[in-house]
Amino acid sequence: METDMLTSVKGMEFNYVAHGVGPTLVLIHAFPLNLRMWEPQIKALSDVCHVVAMDLRGFGASQTTDGDFILEDLARDVQQLMYKLGHQRIILGGLSMGGYVALQFLKLFPDQVRGLILADTRAWPDTPEGREKRFAMIDEVNARGVRGLAQSFPQNAVSQVTAGGRPELVDRLKTWILDTEPATIVGAQRAMANRPDFTDLLPHIKVPTLVMVGEEDAITPPAEAERMAQLIHGAQLAKVPGAGHLSNLENPEAFNQAVKAFMHQFVS
Ligand code: MLT
């Protein structure tokens, strides 16, 4: 793993890693994880591009927050960090919550995106039940902290094969969640519950787009990825075998192969 770097943006400290040369691929992590989830990608993809992975506010080693933020703040954090690092046009990849941030970024800064990777995510808002679950989780975290989430999320997120065969991965996910401040969890859940509907944006996407999904993803199932890919002109769809919601961690070989094939069009 590359050495982490901390830099100040808008008076907040952000943690990121950068590796490789070539077109810049920025990777945005899932909830409630951090940039460590991209470890199987950072070095592996760096022979085709310059990979930057960052911790969103409050997550990983970025500065803690009071939880008072909306999705747009997260997208603006990414943009400010990229500006500071001198990256004017990027290929933006996000998994799940990272995908929501990527779509919000695209909506705000369309000229700064030259390619898009949307993994295990969706463009539309939560169902009413999904929203209620978020508010129940907020109550639970406010009352009892993040322990319940650290138990439930890894089991729900990964495929049965991963859960049974890779206990060390499940343990790492738990540790990352236990290391996250309750205020960040609550803030991110609220930001996701109130996120905009990006469905209307999809037919207007003009940049090459790769939609990815774990074949066993129970949180954002393949049917949702298919629907998104259909709505984006010329989008490619890659299904990751044997993987659940955390497709990049569960089957990094297949995930990286699809991303590398996609990235080749940006390499001059
Ligand atoms: C994630 O993995 O980022 C979350 O499952 C996203 C969500 O809660 O919608």
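**Exercise 1. Ser-96 and its backbone**

Is Ser-96 buried or exposed? Determine also where Ser-96 lies and what is notable about its phi.

*Solution.*
Step 1. The model is predicted, and residue numbers run from 1 along the chain.
Step 2. The relative accessible area of Ser-96 is 8%. Buried means under 20%, so Ser-96 is buried.
Step 3. Ser-96 belongs to the loop between β5 (90-95) and α3 (97-108).
Step 4. Its phi is near 55°, a positive value in a residue other than glycine. Most residues other than glycine have a negative phi.

**Exercise 2. The ligand and its shell**

State which residues surround the ligand, what classes they fall into, and in which pocket the ligand sits.

*Solution.*
Step 1. Around the ligand are Ala-30, Phe-31, Ser-96, Met-97, Tyr-100, Arg-134, Phe-153, Met-192, Ile-219 and His-245.
Step 2. Sorted by class, this shell contains seven nonpolar, two polar and one charged residues.
Step 3. As for its location, the ligand occupies the largest pocket.

**Exercise 3. Polar pairs at the ligand**

For Ser-96, Tyr-100 and Arg-134, give the distance from an N or O atom of the side chain to an oxygen atom of the ligand. Then state how much of the ligand's accessible area the protein covers.

*Solution.*
Step 1. For Tyr-100, a side-chain N or O atom is 2.5 Å from a ligand oxygen atom.
Step 2. For Ser-96, the corresponding distance to an oxygen atom of the ligand is 2.9 Å.
Step 3. For Arg-134, an N or O atom of the side chain is 2.7 Å from an oxygen atom of the ligand.
Step 4. On its own the ligand has 270 Å² of accessible area, and the protein covers 92% of that area.

**Exercise 4. From Phe-31 to helix α8**

Phe-31 is one of the residues around the ligand. Describe the peptide bond that joins Phe-31 and Pro-32, and find how far Phe-31 is from Ile-185.

*Solution.*
Step 1. The bond between Phe-31 and Pro-32 is a cis peptide bond, with omega about -10°. Most peptide bonds are trans.
Step 2. Pro-32 is part of the loop between β3 (24-28) and α1 (39-42).
Step 3. Ile-185 belongs to helix α8 (residues 182-193). With a relative accessibility of 1%, Ile-185 counts as buried.
Step 4. Along the chain, Ile-185 and Phe-31 are 154 residues apart, while their C-alpha atoms are separated by 8.1 Å.
Step 5. Arg-190 also has its place in helix α8. Its relative accessible area is 36%, so Arg-190 is partly exposed.
Step 6. The C-alpha atoms of Arg-190 and Asp-68 are separated by 8.8 Å, although 122 residues lie along the chain from one to the other.

**Exercise 5. A second positive phi**

What is the phi of Lys-10, and where is Lys-10 found? Classify its accessibility as well.

*Solution.*
Step 1. Phi of Lys-10 is near 50°, which is positive in a residue other than glycine.
Step 2. The loop between β1 (5-9) and β2 (12-19) holds Lys-10.
Step 3. The relative accessible area of Lys-10 is 47%, so this residue is partly exposed.

**Exercise 6. Strands β2 and β4**

Classify Asn-15 and Val-51 by accessibility. For Asn-15, identify the side chain with which a polar contact is made.

*Solution.*
Step 1. Asn-15 is placed in strand β2. At 2% relative accessibility, this residue counts as buried.
Step 2. The side chains of Asn-15 and Asp-55 are joined by a polar contact of 2.8 Å.
Step 3. Val-51 is placed in strand β4 (residues 50-54). Its relative accessible area is 0%, so Val-51 is buried.
Step 4. Val-51 and Lys-107 are 56 residues apart along the chain, and 22 Å separates their C-alpha atoms.

**Exercise 7. Helix α9**

Where is Pro-222 placed, and how far in space is Pro-222 from Ala-238, C-alpha to C-alpha?

*Solution.*
Step 1. Pro-222 is placed in helix α9 (residues 222-231).
Step 2. Its relative accessibility is 16%, so Pro-222 counts as buried.
Step 3. From C-alpha to C-alpha, Pro-222 and Ala-238 are 9.8 Å apart in space, with their positions 16 residues apart in sequence.

Technical notes:
Predicted model: local features only at pLDDT ≥ 70, side-chain atom pairs only at ≥ 80, totals over all residues. Heavy atoms only, no water. Near = heavy atom within 4 Å. Polar contact = N/O pair within 3.5 Å; in protein donor to acceptor, adjacent residues only side chain to side chain. Areas by Shrake-Rupley, 256 points an atom, 1.4 Å probe, with all protein chains shown as cover. 1 Å grid on protein atoms, 1.4 Å probe; cavity = no way out; pocket = protein on both sides within 12 Å on 5 of 7 lines; lining within 4 Å. Sits in = over half its atoms within 2 Å of the grid points. Nonpolar A, V, L, I, M, F, W, Y, C, P; charged D, E, K, R; others polar. Helix = DSSP H or I, 4+ residues; strand = E, 2+ residues; numbered from the N terminus. Buried < 20%, exposed > 50% of the residue type's maximum accessible area, 1.4 Å probe, protein only.
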